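Work through these exercises with the sequence and the model side by side. Try each task before reading its solution.

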Amino acid sequence: MRRSSRMALAAAAAALALLYVTPLWRIQLIAPQYPEGLGLRIWVDRIVGAAPQDLNSINGLNHYIGMQRIEPDAIPEMHYMPWILAALIGLGVLAALIGRRGPVRAWLGILVAGAAAGIADFWKWGYDYGHHLSPTAIIKVPGMSYQPPVIGGKQLLNFRATSWPDLGAWIAVVAVAVAVWVLVRERPPRVAAGD
């Protein structure tokens, strides 16, 4: 494998370290009584309000409709995701050091599978919060659930909820793209028939 390909792969793996300091996902809630919106930023190890009081405000509103409080310390993924990310970074750097297509393919597969598992877990988390409502809720709307979308927008009563990748997710997408580029670039030449 060319030195430039190995360096690009190592840089892509190392760039994943930026996920420790940038949010992965963002959720925004806008309603007539909150025209400036309320928001959440989901990081590899925490969930915080987009503004200082947003998480408290969202938890207060959720109480009325019977949703659980969003308690970041009670979400197990927030405790082990930093370790999984460290392993992904280490495996990517190792694949670059080895400099063969097999380890690059393996790292790419693990990276994509990890991202898919993370998105599935995010969907499951949203489902749990949006569907398992307290029977003693102050506001009850028969048949209503409050699961935010994983990606895109959705109307939840008078709130417009949107959910989009944040900077950290785009960094991970670039890392995947670099790994694909390296695999394509380092593809062995085809031998013509009859050679």
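The exercises below concern a predicted model.

**Exercise 1. Lay out the sheet.**
In what order do the five strands of the open sheet stand, and which stand at the edges?

Solution.
- Step 1. The order is β3-β2-β1-β5-β4. The pairing is antiparallel.
- Step 2. β3 (47–49) and β4 (152–156) each have a single partner strand, so both stand at the edges and one side of each lacks a neighbour in the sheet.
- Step 3. From one strand to the next, the twist averages 20 degrees.

**Exercise 2. Follow β1 and its neighbours.**
How many bridges pair β1 with β5, and which residue in β5 is the bridge partner of arginine 26?

Solution.
- Step 1. β1 covers residues 25–31 and β5 covers residues 159–165. Six bridges pair them in the antiparallel sense.
- Step 2. Arginine 26 has tryptophan 164 of β5 as its bridge partner. For glutamine 28, the partner in β5 is threonine 162.
- Step 3. Now turn to β2. β1 pairs with β2 over six bridges, again in the antiparallel sense. Here alanine 31 has tyrosine 34 as its bridge partner.
- Step 4. β1 and β2 form a hairpin, with two residues between the strands.

**Exercise 3. Sort the faces of β1.**
Which residues of β1 make up the covered face, and which the uncovered one?

Solution.
- Step 1. The covered face holds Trp25, Ile27, Leu29 and Ala31.
- Step 2. The uncovered face holds Arg26, Gln28 and Ile30.
- Step 3. Look for helix packing on the sheet. Helix α2 (residues 54–65) touches β1, β2 (34–42), β3 and β5. Its direction makes about 105 degrees with that of β2.
- Step 4. Pick a residue of α2. Serine 57 lies in this helix and is partly exposed, at 26% relative accessibility. Its C-alpha atom is 7.8 Å from that of leucine 38, although the two residues are 19 apart along the chain.

**Exercise 4. Examine the β4–β5 hairpin.**
Which residue in the turn has a positive phi?

Solution.
- Step 1. β4 and β5 run antiparallel and are joined by five bridges. In one pairing, glycine 153 stands opposite threonine 162 in β5.
- Step 2. The two strands form a hairpin with two residues between them.
- Step 3. Leucine 157 is found in the loop between β4 and β5. Its phi is near 55 degrees, a positive value in a residue other than glycine.
- Step 4. Leucine 157 counts as partly exposed, at 38% relative accessibility.

**Exercise 5. Account for salt bridges.**
How many salt bridges does the model have? Which parts does the pair of aspartate 166 and arginine 41 tie together?

Solution.
- Step 1. The count comes to four. Three of them are treated here, including the one between aspartate 166 and arginine 41.
- Step 2. In that pair, the closest N and O atoms are 3.2 Å apart.
- Step 3. Aspartate 166 is in the loop between β5 and α5 (167–185), and arginine 41 is in strand β2, so the pair links parts 125 residues apart in sequence.
- Step 4. Check exposure. Aspartate 166 is buried at 14%, because buried means under 20% relative accessible area. Arginine 41 is partly exposed at 22%.
- Step 5. Arginine 46 and aspartate 45 also meet in a salt bridge, at 2.7 Å from N to O. Arginine 46 is partly exposed at 29%, and aspartate 45 is partly exposed at 32%.
- Step 6. Arginine 69 and glutamate 71 meet at 2.8 Å, N to O. Arginine 69 is partly exposed at 47%, as is glutamate 71 at 35%.

**Exercise 6. Describe a helix pair.**
At what angle do α4 and α5 pack, and how far apart are their axes?

Solution.
- Step 1. Helix α4 (residues 101–131) packs against α5 at about 155 degrees, with the axes 10 Å apart.
- Step 2. Angles over 145 degrees count as roughly antiparallel, so α4 and α5 are roughly antiparallel to each other.
- Step 3. The crossing of α4 past α5 is left-handed.
- Step 4. List the contact. α4 contributes Arg101, Val104, Arg105, Trp107, Leu108, Leu111 and Val112. α5 contributes Ala175, Val176, Ala179, Val180, Val182, Leu183 and Val184.

Technical notes
Residues numbered from 1 in each chain as written. Predicted model: local features only at pLDDT ≥ 70, side-chain atom pairs only at ≥ 80, totals over all residues. Heavy atoms only, no water. Pairing = 2+ DSSP bridges. Helix = DSSP H or I, 4+ residues; strand = E, 2+ residues; numbered from the N terminus. Axes fitted to C-alpha atoms, helices over the stretch in contact; angles between N-to-C directions. Contact = heavy atoms within 4.5 Å. Salt bridge = Lys/Arg side-chain N within 4 Å of Asp/Glu carboxyl O. Buried < 20%, exposed > 50% of the residue type's maximum accessible area, 1.4 Å probe, protein only. Parallel < 35°, antiparallel > 145°, perpendicular 65-115°, else oblique. Left-handed = near helix turned anticlockwise from the far one by under 90°.
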